[in-house]
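Dear colleague,

I am passing on the structure below, and after it you will find notes on what turned up when I went through it. Please read them with the structure open beside you.

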Amino acid sequence: MKETEKADKQRNKRRTLDRLYSGSDLLLSLLCFIALIHHELRIQENHSLILDSSEFFKKMESEILRKVQQNDMGWRNKDKEPGSTSRTTQDGKEANPKRQKRSSPGNSQQNSTITYSDVQMLVKRELRLLQKQVCAKDHTLCRPGPKGSQGRRGRQGTRGKRGSPGKPGKPGPHGLTGKHGPVGAQGAKGMKGDVGKPGDLGPKGPSGPPGVKGTKGERGQSLSAPSLLKRPVGKTVNETQTATLKCTVNGNPEPSVTWYKINSSLPVGRHVVESSGALIVKDVKAEDDGVYTCKAQSLLGQVNASVKLTVQFAPKIPVTSKNVIAEEETNVTIQCTTSGRPRPIFKWSKSVGSLPKYRITFKNGTLKIFNLTRQDGGTYICKVANILGSAADTAQLTVFSPLRFKVRPPPELTPIIRSSVRLPCMAESGMRPFITWTKDGESFLPAGSNVLQNGTLVINSIKKSHEGSYTCRAANALTAIETKVKINNPLNITSCSAIRKYVSNTSRDYVIDTDGEGPLAPFTAYCDMSDKNGVGVTVISHDSESRTHVNGHEPHGSYSRDIHYTGASFSQLASLTRVSSHCEQFIKYECHGALLLKERHSWWVSRDSRNMTYWGGASPDSDKCACGMTKSCADPSIGCNCDMNDDVWREDSGLLTEKKDLPVKQLRFGDTGSDSLEEGYHTLGKLKCYGTP
């Protein structure tokens with residue numbers, strides 16, 4: 001049954017596939033038929049176009065032949081027009097046979113060439129018209145085809161006419177120089193030349209006869225050395241006048257006279273030496289004043305004489321701008337420089353007001369004012385005069401308030417290491433002062449130094465290298481003042497005792513540095529300046545200062561309490577104990593039926609983690625409490641009150657003072673857990689250090 005159903009299903013599938021294949025074949029056949037019809041229509045359309053075109057071309061061909069024949073007839077009739085050179089008779093012969101024009105091959109060739117070109121142009125024109133008509137009917141026929149191959153090269157054309165001659169070119173370079181021509185004919189005779197130089201002297205001729213003896217001549221003058229007949233006399237003249245200095249000399253031969261000025265030269269262009277030996281100086285000037293020397297000289301010797309020329313002139317004051325500035329309470333000198341002869345007389349005055357009394361002196365044109373005040377400022381007039389004239393000059397005196405320090409730094413300072421120091425230095429004056437600082441005479445300040453605009457010197461993080469002498473210098477345009485401050489070796493503020501001694505006696509928090517420039521950082525601690533007779537106690541707090549209950553811890557040291565100190569590490573606190581002469585820490589244990597040191601039930605731990613078996617008030621390694629040291633315990637035979645281990649509340653307390661063990665790092669207790677009657681309370685005080693070793 002199942003096999004029959006399967007066979008039926010397969011037959012149905014085959015039938016379905018056969019139907020699909022038959023439908024596909026029918027569809028493909030239909031598409032092919034449609035495409036065939038489309039191509040047939042395109043062929044018919046092109047065929048009709050070709051037939052129409054062929055008929056059109058045939059019509060155009062006949063039209064072109066018709067027009068060619070028509071034009072050919074027109075060309076032939078041109079030769080028969082009335083303007084022709086040959087005429088015919090009625091019988092067809094020429095009327096003038098002598099003028100008959102012979103035809104030649106050249107003429108016939110020319111006529112044929114013209115006819116062919118005209119036909120060619122006509123054909124081209126008709127073809128262009130044909131192309132426009134065809135393209136207008138179907139533009140697809142006028143699409144350009146692919147570019148054809150290049151045709152053969154045409155024949156060479158006829159040679160053109162000869163061109164017109166070009167412009168002339170630039171002239172060429174000069175040729176080489178030709179050979180010299182022949183020598184010309186001799187010229188005419190020239191003018192007579194100058195007389196030549198005389199010839200050499202001829203030989204000496206013979207001596208002539210002696211002449212007649214003459215008469216005896218007169219006796220000649222005797223020779224003498226130059227001498228002064230009259231010594232020159234000094235002369236005084238006024239400026240612009242003429243000065244004459246006489247020098248009368250004698251001698252044979254006659255001596256020559258010259259003049260010169262000592263330490264200078266004679267006035268150029270203004271002096272004349274006369275034949276008499278006198279020196280004349282014209283337009284005398286002040287610089288002509290001096291000593292002149294007359295010198296008479298011949299072959300037999302010379303003689304000198306000096307004379308003084310004094311030139312008088314009116315006073316002269318150099319034109320200068322005199323602005324004098326000075327400070328109050330100082331002395332000032334105003335100079336009035338002048339020249340004149342005779343010596344001028346000086347007179348001082350003030351343009352506004354009068355000269356200060358009892359505080360001025362005059363000497364040789366110099367005005368000196370003592371202990372200046374602001375009222376002394378103003379314009380001072382210097383007037384000079386002599387018999388020839390006068391002159392005046394002025395000087396402007398400005399008086400400023402004196403330069404003084406408004407704020408001075410302390411003369412000496414001992415800073416704290418790593419602290420900041422401010423050294424104020426302020427100056428005031430009528431003129432703006434400038435502040436500069438130097439250290440030990442050097443302008444280079446150490447690192448970490450800074451000068452503020454108000455002149456204050458700030459030194460940050462003081463070190464030992466900052467020790468030295470510092471100078472504050474204030475200066476203006478007139479003067480300068482200085483003040484010094486000595487910075488001592490910076491103190492290492494290791495504890496509150498050092499602060500109490502060098503810094504302050506006020507109880508408050510301070511920053512201390514227990515190792516100075518060492519690796520440990522500074523830390524903050526409270527300084528009690530009243531405890532221990534005001535020595536300055538460093539107080540370090542911790543988190544276990546309150547009374548704390550201990551219960552339920554039976555094994556030895558099973559109760560544990562770590563101590564955390566405020567603001568400082570155990571390394572810093574250990575350094576504090578080393579720089580202090582005394583350190584202490586109060587410790588107390590209240591017990592009820594609980595042992596303390598007996599059988600090592602309880603102990604405290606030192607800073608270096610050692611178990612300490614002595615209690616406050618007892619000496620190290622004693623295994624006792626304070627009462628054990630004084631034999632005052634409840635039982636004198638035991639070392640601590642709590643070691644009685646009875647049902648009575650007892651107490652052991654005291655100060656731990658061994659610096660190498662402090663501060664307490666941990667508390668350990670036991671024997672508080674067997675029943676509800678065993679318990680205790682512990683109390684640990686602050687760490688206190690004071691004094692310097």
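To begin with a single residue, Q312 is buried, because its relative accessible area of 19% falls under the 20% that sets the limit for that word. Please keep in mind that this is a predicted model. Q312 has its place in strand β9, which covers residues 301-316, and its side chain is joined to that of N238 by a polar contact of 2.8 Å. Apart from neighbours within four places in sequence, the residues in contact with Q312 are T236, V237, N238, E239, R341, P342 and L388.

Strand β9 also holds K308, whose side chain meets that of D289 in a salt bridge with an N to O distance of 3.1 Å. Since D289 sits in the loop between β7 (279-281) and β8 (290-298), the pair ties together parts that are 19 residues apart in sequence. K308 itself counts as partly exposed, at 35% relative accessibility.

This is one of 18 salt bridges that a search of the whole structure finds, and two others involve helix α4, which spans residues 531-534. In one of them, K688 pairs with D531, with 3.8 Å between the closest N and O atoms; because K688 lies in strand β37 and D531 in helix α4, this bridge ties together parts 157 residues apart in sequence. Both partners are partly exposed, K688 with a relative accessible area of 26% and D531 at 23%.

In the other, K532 forms a salt bridge with E584, and here the closest N and O atoms are 3.1 Å apart. This pair links distant parts of the chain, with K532 in helix α4 and E584 in strand β32, 52 residues apart. K532 counts as partly exposed at 30% relative accessibility, whereas E584, at 10%, counts as buried. Elsewhere, D608, R610, K660 and D661 are joined into one network by salt bridges that share partners.

Finally, there is the nonpolar interior to look at. The largest nonpolar core has 42 residues, and L596, W604 and W615 are the ones that touch the most other members. Several elements supply at least two residues each, among them α3 (496-502), α5 (570-579) and β37 (679-690), while the largest share, 4 residues, comes from β32. Leaving out residues up to four places away in sequence, L596 touches Y589, H601, S602, W615, C625, C640, C642, D643, D652 and F669.

With best regards

Note on methods: Residues numbered from 1 in each chain as written. Predicted model: local features only at pLDDT ≥ 70, side-chain atom pairs only at ≥ 80, totals over all residues. Heavy atoms only, no water. Buried < 20%, exposed > 50% of the residue type's maximum accessible area, 1.4 Å probe, protein only. Polar contact = N/O pair within 3.5 Å; in protein donor to acceptor, adjacent residues only side chain to side chain. Contact = heavy atoms within 4.5 Å. Core = buried A, V, L, I, M, F, W, Y, C linked by side-chain atoms within 4.5 Å. Salt bridge = Lys/Arg side-chain N within 4 Å of Asp/Glu carboxyl O.
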